[in-house]
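Reader: I have a protein model open and would like to learn how to read it. Can we go through it step by step?

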Amino acid sequence: MEGKMKAAINTDLQTIVIDEVPIPQPGPGEVLVQVKATGLCGSDVDGYLGHHPMMKWPLILGHECSGVVAELGPGVEGWQVGDAVAVEPFFTCKTCPACLRGKYNLCIDLKITGHQVPGSLAEYTIAEACFLHHKPDNISFAEAAIAEPTSGSLHAVERCGIRLGDFVVIIGCGTMGVLAMQHALNKGAEVLVSEPSGFKRAVAEELGVHHTVDPTKQDLVEHVQALSGSIGADCVIEAVGKPETLASTVGLVKRGGTIMLIGWSGNKTDPIDLTTITLDEMTLLGTLGFCHDFPVALKLMSQGKIKTLPLITHRLPLDRVEEGIQMLRDHAEGTWKIAITDEA
């Protein structure tokens with residue numbers, strides 16, 4: 001497809017320019033997707049602020065994407081123009097040891113849409129055909145875009161090995177936190193969420209969380225000790241990425257328990273009690289994206305077992321991308337997930 005498209009380009013520090021650029025051409029094994037919705041993410045804010053190590057200006061941001069197949073690249077089979085899709089935003093080498101083991105999220109040459117390659121805050125974007133997934137008919141394009149963090153949070157929770165009856169503490173009820181909360185609930189865990197925002201705690205309660213704590217007014221350690229019989233949580237999931245919350249995880253988990261760091265501060269070092277982690281035989285885990293998780297995430301969303309609609313507090317058109325990023329940057333009251341879409 002030839003011609004021009006509108007795109008939101010991060011050209012410099014805290015600068016988004018809406019401009020016309022050539023429509024990208026799909027290469028072998030690739031598909032051109034007409035973007036219908038993109039979810040704004042904290043990593044988009046980091047790129048805008050110059051804090052993200054994978055993002056260099058000028059760059060079209062955006063990686064939480066859904067849309068419609070617009071053109072097939074050479075050799076692509078199994079897709080037709082007009083198919084409604086959710087986009088898994090990876091480009092991989094297919095030949096490194098990680099790819100050959102099926103752990104493609106650890107590809108040595110991994111590239112991510114909106115990070116190292118142009119993103120989906122545009123009218124069209126490129127995706128690998130192998131990383132497209134059919135959008136369920138019963139979810140909107142805006143919801144389908146949130147399949148990306150739904151898959152990422154699922155990947156993290158699966159790595160934790162959470163079992164029926166486990167006591168799980170989630171620090172932070174942003175998008176990743178509230179989705180991880182729902183995955184943990186689906187596994188039959190007892191879940192506590194620590195979150196200062198009242199409206200996010202209220203949504204967490206509506207979605208079935210057992211306990212909520214406002215860490216600005218309540219002592220999280222005391223609550224965890226009381227609920228666990230002074231043993232600690234089986235698993236603590238950190239979904240904030242601040243040094244103080246990262247450090248707090250060790251004091252919340254039981255001996256032999258698991259700590260999952262979804263959040264990260266961007267610092268090369270952050271203080272954490274490694275001595276206790278060692279002597280209490282704790283498991284400390286990181287997570288990168290997703291790996292074979294998209295189909296499960298979309299199925300859970302389609303079945304109503306993961307609810308994303310309550311997270312979408314704003315829908316904005318493409319020419320208001322910078323406004324949306326600034327709302328997330330400033331933690332504007334009542335703002336959670338912003339979908340860039342023309343959907344009502």
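Reader: How many bridges pair strand β14 with strand β15?
Author: This is a predicted model. Strand β14 covers residues 233-238, and strand β15 covers residues 253-261. They pair in the parallel sense. One contact puts Ile237 with Met260 of β15 as bridge partner. The count of bridges between β14 and β15 is five.

Reader: Which strands are the edge strands of the open sheet of six?
Author: Strands of a sheet pair through backbone hydrogen bonds, either parallel or antiparallel. Here the pairing is parallel, and the order is β13-β12-β11-β14-β15-β16. An edge strand pairs on one side only. The edge strands are therefore β13 (211-213) and β16 (283-285).

Reader: What does the twist average from one strand to the next?
Author: Take the sheet with the order β13-β12-β11-β14-β15-β16. Go from one strand to the next. The twist averages 15°.

Reader: Which residue stands opposite Ala7 in β2?
Author: Look at the open sheet of three strands, with the order β2-β1-β4 and antiparallel pairing. Its edge strands are β2 (15-22) and β4 (59-60). Eight bridges join β1 (residues 4-12) to β2. The residue opposite Ala7 is Asp19.

Reader: Where else does Asp19 appear, and which residues form that negative surface patch with it?
Author: Asp19 belongs to a negative surface patch. One member, Asp319, lies in the loop between β17 (312-316) and α11 (321-329). The residues that join Asp19 in the patch are Glu20, Glu123, Asp319 and Asp342.

Reader: Which residue is the bridge partner of Val85 in β10?
Author: Start with β6 (residues 84-87), which runs antiparallel to β5 (residues 64-72). Four bridges join these two strands, and Cys65 has Val87 of β6 as bridge partner. Three bridges also join β6 to β10 (residues 132-134), again antiparallel. In β10, the partner of Val85 is His134.

Reader: How many residues apart are Lys94 and Glu128?
Author: Their side chains meet in a salt bridge, at 2.7 Å from N to O. That counts as a salt bridge because the cut-off is 4 Å. Lys94 sits in the loop between β7 (90-91) and α2 (97-100), and Glu128 sits in strand β9 (residues 124-128). The pair links distant parts of the chain, and the separation is 34 residues.

Reader: How many salt bridges does a search of the whole structure find?
Author: The pair Lys94 and Glu128 is one salt bridge. The search covers the whole structure. The total is nine.

Methods:
Residues are numbered from 1 along each chain as its sequence is written. This is a predicted model: local features need pLDDT of at least 70, side-chain atom pairs count only at pLDDT 80 or more; totals for chains, interfaces and linings use all residues. Side-chain values use heavy atoms; hydrogens and water are left out. Patches are made of residues with over 30% relative accessible area and no salt bridge: like charges are joined within 9 Å, nonpolar side chains (Val, Leu, Ile, Met, Phe, Trp, Tyr) within 5 Å. Accessible areas come from the Shrake-Rupley method with a 1.4 Å probe; for residues, only the protein chains shown count as cover. Lys and Arg count as positive and Asp and Glu as negative; His and the chain ends are not counted. The place of a charge is taken as NZ of Lys, CZ of Arg, CG of Asp or CD of Glu. Axes are lines fitted to C-alpha atoms, for helices over the stretch in contact, and angles run from 0 to 180 degrees between N-to-C directions.
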